[in-house]
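Please give a short briefing on the structure below. Start with one salt bridge, then cover the overall build, the charges, the surface and the backbone.

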Amino acid sequence: LYEIESSMLANITRLLASGSNASAEWQAQKLAQIGTLEAMNRRELEKNLPEALEAAREEVRRRGKIEAGRVASSITLTNALPPEADLRLMEVWNIWETRTMNQFRALGMTMIEQANRVYIDTVYSATAKVLSGSSTLRQAIAETAGGWAAKGIPALVDRAGREWSVEAYAQTVVRSNVRQVTTESSIAMAEELDHDLMEVSSHVGARPGCAPYQGKVYSLNGNTKGYPRLSDTTYGEPGGLFGINCSHYMLPYFPGTPKTFHPYPEKVNDAAYERSQEQRKLERDIRHAKREKVLATELKDKEAIEKAQAKISERQEKMRDFIDETGRTRLREREQILT
């Protein structure tokens, strides 16, 4: 949805760029074009949302199959039915696929509404700046567009008053629902095969809510003495084990056999986690600068284009220095936007 959002912002810029002076007449004309903007953005959504919905649905189903298959193959060597033939698993997958697609559809409508608000706010802001003599019309719009590039169209405001970007909210929806379907698939398969003990995977750089529990064995229902229950961990918390953005998974464990995973030293894990978060921020900064250039190009503002390009170069250099310093892998696809 980041690409859809970028296209909506380009539509706002394109519409605002027409006209020569910010005046009462210009302001009235632009406000009268709100219906035009909404129609443009609805077409953008109708054109590209189905692909986003299908990609999200496929990811939920794919991850559910992987997790159920992983558990089944670890417990039994018999020719059991494939996970997709299990009615209980199918129900789990259908529930989370439907929820994901419904949340994406709702987000799309929110984007249209919020794009209208961004547009109206910009019309008033640009008019005020020009009439005060502090900016030309193009400068006023370019300054505002630079803020859009980094902040984006608000997706929602949570109970704490924090404004979520479309990118952050969409990623949270997908990751949260994928995480739910994978965990529920693992547990459903283990319970159907009457297996209680599950070992949590481990990886360096685990977040604080997960790190204390990775590489350890837990009882799903508390029936195996000597092992803590899974419910004794942060399982069920958004930032906890198997919560939003968690990449851990479970494998069946058989007492007396070697464990597959092991915890990492706290200092090693925490340092890797901090580096991963720093890299995600650098990737976002590069994407935002690239989007700022796209919007400046829509305005045909040479100075704004040059400033945006300078930001791109500066932030890409920061990324190169970071990769050289840490030895991490650069993921260029995370630095890209589609235009």
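Which side chain does Arg42 meet in a salt bridge? The partner is Glu38, at 3.1 Å from N to O. The model discussed here is predicted. It has eight helices and five strands, and a search of the whole structure finds 15 salt bridges.

**Overall build**

- Read from the N terminus, the order of elements is α-α-α-α-α-β-β-α-β-β-β-α-α.
- The C-alpha trace spans about 80 × 45 × 35 Å along the principal axes of the protein.
- The protein has 339 residues, and 45% of them are buried.
- Of the contacts with a separation of 6 or more, 74% are between residues 24 or more positions apart.
- The accessible surface comes to about 17300 Å², and carbon and sulfur atoms account for 51% of that surface.
- There are 47 positive and 47 negative charges, and the mean positions of the two sets are 2 Å apart.

**Salt bridges within a helix**

- Arg42 and Glu38 both belong to helix α3, which covers residues 34-75.
- The two residues are four positions apart, about one turn of the helix.
- Arg42 is partly exposed, at 33% relative accessible area, and Glu38 is also partly exposed, at 25%.
- A second pair is formed by Glu303 and Lys307, whose side chains meet in a salt bridge at 3.4 Å from N to O.
- Glu303 and Lys307 lie in helix α8, four residues apart, and this puts about one helical turn between them.
- Glu303 is partly exposed, with a relative accessible area of 44%, whereas Lys307 is exposed, with 51%.

**A salt bridge between distant parts of the sequence**

- The side chains of Glu283 and Arg334 meet in a salt bridge, with an N to O distance of 3.9 Å.
- Glu283 is in helix α7 (residues 266-299) and Arg334 is in the segment after α8 (302-326), so this pair ties together parts that are 51 residues apart in sequence.
- Glu283 is buried, with a relative accessible area of 2%.
- Arg334 is partly exposed, with a relative accessible area of 32%.

**A network of salt bridges**

- Glu54, Arg57, Arg61 and Glu97 are linked to one another in a network of salt bridges.

**A buried lysine without a salt bridge**

- Lys30 is located in helix α2, which covers residues 24-32.
- Lys30 is buried, yet has no salt bridge.
- Which side chain of opposite charge is nearest to Lys30, and how far away is it? That side chain belongs to Glu25, 11 Å away.
- The salt-bridge cut-off is 4 Å, so Lys30 and Glu25, 11 Å apart, do not count as a pair.
- Leaving aside residues up to four places away in sequence, Lys30 touches Leu15, Leu16, Ser18, Tyr119 and Val123.

**A nonpolar surface patch**

- Val204, Tyr264 and Val268 make a nonpolar patch of about 250 Å² on the surface.
- Tyr264, one of the patch residues, sits in the loop between β5 (250-252) and α7.
- The relative accessible area of Tyr264 is 39%, so this residue is partly exposed.

**Positive phi values**

- Asp194 has a phi near 55 degrees, which is a positive value in a residue other than glycine.
- Asp194 is found in the loop between α6 (166-192) and β3 (197-200).
- Phe242 likewise has a positive phi, near 65 degrees, and is a residue other than glycine.
- Phe242 is found in the loop between β4 (217-219) and β5.
- Is Asp194 buried or exposed? Asp194 counts as exposed, because its relative accessibility is 71%.
- Phe242 has a relative accessibility of 2%, so it counts as buried.

How values were computed: Residues are numbered from 1 along each chain as its sequence is written. This is a predicted model: local features need pLDDT of at least 70, side-chain atom pairs count only at pLDDT 80 or more; totals for chains, interfaces and linings use all residues. Side-chain values use heavy atoms; hydrogens and water are left out. Buried means under 20% relative accessible area, exposed over 50%, partly exposed in between (1.4 Å probe, protein chains only). Patches are made of residues with over 30% relative accessible area and no salt bridge: like charges are joined within 9 Å, nonpolar side chains (Val, Leu, Ile, Met, Phe, Trp, Tyr) within 5 Å. Accessible areas come from the Shrake-Rupley method with a 1.4 Å probe; for residues, only the protein chains shown count as cover. Contact means heavy atoms within 4.5 Å. Lys and Arg count as positive and Asp and Glu as negative; His and the chain ends are not counted. The place of a charge is taken as NZ of Lys, CZ of Arg, CG of Asp or CD of Glu.
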